[in-house]
Amino acid sequence: MADEPNPIAFAVEVMETHWSGDCCDIDGECLQDMAERHGIIVRREFSGPCELSYCTCAEVGDPPYFCYRMNPGLVPEETTDG
Ligand SMILES: [Zn+2]
């Protein structure tokens with residue numbers, strides 16, 4: 001299952017990338033890709049701004065907007081502004 005979180009595989013890829021020869025740091029986009037690939041975060045699609053007033057997902061590009069959230073299997077899903 002694609003959304004099944006695998007924190008160990010995520011941690012291993014982060015460290016192997018960090019230690020690889022070409023770069024010594026991992027930028028935010030790279031880190032987000034790794035987190036999605038290993039199910040740490042999940043991507044949700046919206047045709048307009050999502051329900052979270054503080055979220056900036058609809059400020060980047062054109063619809064559909066991609067909103068990244070922590071996998072609800074790891075932490076409770078954010079559905080309100082609290
Ligand atoms: Zn959002």
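What follows is a chat between a colleague and a modeller about reading this predicted model.

Colleague: Let's start with the basics. How many helices and strands does the protein have, and how do they run from the N terminus on?

Modeller: There are two helices and two strands. Going along from the N terminus, the order is α-α-β-β.

Colleague: And what share of the 82 residues counts as buried?

Modeller: Just the figure, then: 5% of the 82 residues count as buried.

Colleague: How do I read whether one residue, say Gln32, is buried or exposed?

Modeller: You count C-beta atoms around it: 20 or more within 10 Å makes a residue buried, 12 or fewer makes it exposed, and anything in between is partly exposed. Gln32 has 15 such neighbours inside 10 Å, so it counts as partly exposed. You'll find Gln32 in helix 2, which covers residues 28–37.

Colleague: Which residues does Gln32 contact, leaving aside neighbours within four places in sequence?

Modeller: Ile41 and Tyr68. Tyr68 sits 36 residues away from Gln32 along the chain, yet their C-alpha atoms are separated by 8.7 Å.

Colleague: Helix 2 also holds Glu36. Why does Glu36 count as partly exposed?

Modeller: Because Glu36 has 18 C-beta neighbours inside 10 Å, and a residue needs 20 or more to be called buried. Not counting residues up to four places away, Glu36 touches Ile41 and Arg43. Its C-alpha lies 8.5 Å from that of Tyr68, with their positions 32 residues apart in sequence.

Colleague: What about Glu4: buried or exposed?

Modeller: Exposed, because Glu4 has 9 C-beta neighbours inside 10 Å. Glu4 belongs to the segment before helix 1, which spans 7–19. In space, Glu4 and Ile41 are 9.9 Å apart, C-alpha to C-alpha, while in sequence they are 37 residues apart.

Colleague: What percentage of the contacts with a separation of 6 or more comes from residues 24 or more positions apart?

Modeller: For the protein as a whole, 53%. One such pair is Gln32 and Tyr68, which are in contact and 36 residues apart along the chain.

Colleague: Last one, on the backbone. Which peptide bond is cis, with omega near 0°?

Modeller: The general idea is that most peptide bonds are trans. Here, the bond from Pro63 to Pro64 is cis, with omega near 0°. To find Pro64, look in the loop between strand 1 (41–46) and strand 2 (65–70).

Key. Residues numbered from 1 in each chain as written. Predicted model: local features only at pLDDT ≥ 70, side-chain atom pairs only at ≥ 80, totals over all residues. Helix = DSSP H or I, 4+ residues; strand = E, 2+ residues; numbered from the N terminus. Contact = placed C-beta atoms within 7 Å.
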